[in-house]
Amino acid sequence: MLKKSFFGLAKPRMEYDLLPARMTEPETVVAPKTATLLHPKQDAPNAPALLKVGDTVKTGQKISLYADDPACVISSVTGTVAAMSPFSGDFGKNYTAITIEVDGEHVFDDRFEELARQPDPAAAPYLAGIPGGPPMGTLMDPASEIKTIVIRGADHDLLVGTNQYIVKTGLADIQRGIKALKDLTGIEQIILVTAAESLQGFGHLGARVKSIGRDYPDALDHMIMKNVLDEVVPAGKTCEELGVCFINAEAVASIGKTFDSGRMPSAKLLTLINKNGGPQLVRTTIGTPIGKILQRFSIAIEEKDRVILGGPMRGSAVFSLDHPVLPDTDAIMVVDDSRAAAASQYPCVNCGDCIRACPVQIPVNMLVRFLEAGQYEEAAERYDLLCCIECGLCSFVCISKIPIFQYIKLAKHELDRAQTVEETNV
Ligand code: SF4
Ligand code: SF4
């Protein structure tokens, strides 16, 4: 819900919507005929290949492409590998897309079932592929000093209700997941944050429960750090560096289901936002092409319409309807060309709306000048680029329709890349 000042003198006020007390069940999209898994690409030209077209895979199987390949992907389906091809993601991330012709029934992987009998650190890589995409790498990294796990029971973006629904309907799974997380990681300090109006009914979860505000962007990690944990994340630092790891409620519920059943949970929940902005909860299979979901709901995509992974404030456009649902895909949004906010060539007119909207008081009007010129180091040193919590409010209010949020993400990516190159060459 939007409450925006017409005169630009006050901050725009937007609220997260709460799910109604009586919920309709999510619609189910049946398992697709083909599913696509994205394996992070590793260059290992001399290593023997471990997977080829024609191989069969089981649900829950850990797939690596080469011997000694540290990267892997967990199969969400049972079937036969039909194709393997390069796939480009956001910001130059490269993957190998593994297309699997799906068999009708799941055959579950023995190793996964063996590890899922009780929480065992060896299960961690498998858990990273379950619905919700738990950050097992961070949680199990012996070098990390995580002391607190925060469960997101509210979704980052507006119109998205995925994690809220899980909290509303899956507390027993979350309770089991919290116990398993404690056994796996040894971390006892676990907090569930929720935007629910009442905190009743959360007893015996094994976690403290805290409420967060309903104004956007109160559900973003940095805002929760400040408002709930009373810690401000310094510029350029991460929540993990302060000892706090965030995890989606869906991921915790999936961990609970895994150790309860000994099997990989196959249903991924997501919010589908149609061209009218109407959200709807959908259950599907990880690996389902987005186009199949849109087809199921008779959403036609015309030239110049946008398909976005995520919500209206922070989502990123995808360029192919073959893009698969991933373990952490919480929302898919379709925007009609006539409603899409087109980026313009207009210059900044120094109206100051972006500064008033920014929750961390960044001088965005100055920052944007350096971003447009590609002067990212200066943007970080002089205009607080690294304080940005990526809420997207500046882009939303900008009268000149400057794609500030996209510039910010690109700038941070380029700075990260430059730092990695520097560290590799030391
Ligand atoms: S995206 Fe960053 S700069 Fe823009 S309003 Fe949000 S915190 Fe401020
Ligand atoms: S960047 Fe956009 S919102 Fe900010 S001062 Fe310039 S025109 Fe106004």
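Two strands pair if DSSP finds at least two bridges between them. Strands (E, at least two residues) and helices (H or I, at least four) are DSSP runs, numbered from the N terminus. Residues are numbered from 1 along each chain as its sequence is written, while chains are lettered from A and ligands numbered from 1 in the order in which they are written. This is a predicted model, where local features need pLDDT of at least 70, side-chain atom pairs count only at pLDDT 80 or more, and totals for chains, interfaces and linings use all residues.

**Exercise 1.** Work out which residue of β11 stands opposite I149, and place the two strands in their sheet.

Solution. Start with the pair: β10 (148–152) is joined to β11 (residues 189–194) by five bridges, and the two run parallel. Across that pairing, I149 stands opposite I190. Now zoom out: the open sheet has four strands in the order β12-β11-β10-β13, with parallel pairing. Its edge strands, β12 and β13 (244–248), each pair on one side only. From one strand to the next, the twist averages 25 degrees (axes are lines fitted to C-alpha atoms, for helices over the stretch in contact, and angles run from 0 to 180 degrees between N-to-C directions).

**Exercise 2.** Find which strands helix α7 lies across.

Solution. Helix α7 (residues 249–261) lies across β10 and β13. Its angle to β13 is about 75 degrees. Contact here takes C-beta atoms, placed from the backbone, within 7 Å.

**Exercise 3.** Look at the backbone around L159, N350 and P217: what is unusual there?

Solution. First, the background: most residues other than glycine have a negative phi, and most peptide bonds are trans. L159, in the loop between β10 and α4 (162–169), has a positive phi near 70 degrees. N350 also has a positive phi, about 60 degrees, and sits in the loop between β18 (331–335) and α9 (353–357). Next, exposure: a residue is buried if 20 or more other C-beta atoms, placed from the backbone, lie within 10 Å of its own, exposed if 12 or fewer, and partly exposed in between. L159 has 18 such neighbours, so it's partly exposed; N350 has 11, so it's exposed. Last, a cis peptide bond joins Y216 and P217, with omega about 10 degrees. P217 is in the loop between β12 (208–211) and α6 (221–227).

**Exercise 4.** Which element gives the most to the shell around ligand 1?

Solution. Count the shell: 16 residues surround ligand 1 (C-beta atom, placed from the backbone, within 6 Å of it), with C358, C388, C391, L393 and C394 the closest. Two or more residues come from each of α12 (393–397) and α13 (404–425). Helix α13 gives the most, with three.

Terms used: Contact = placed C-beta atoms within 7 Å.
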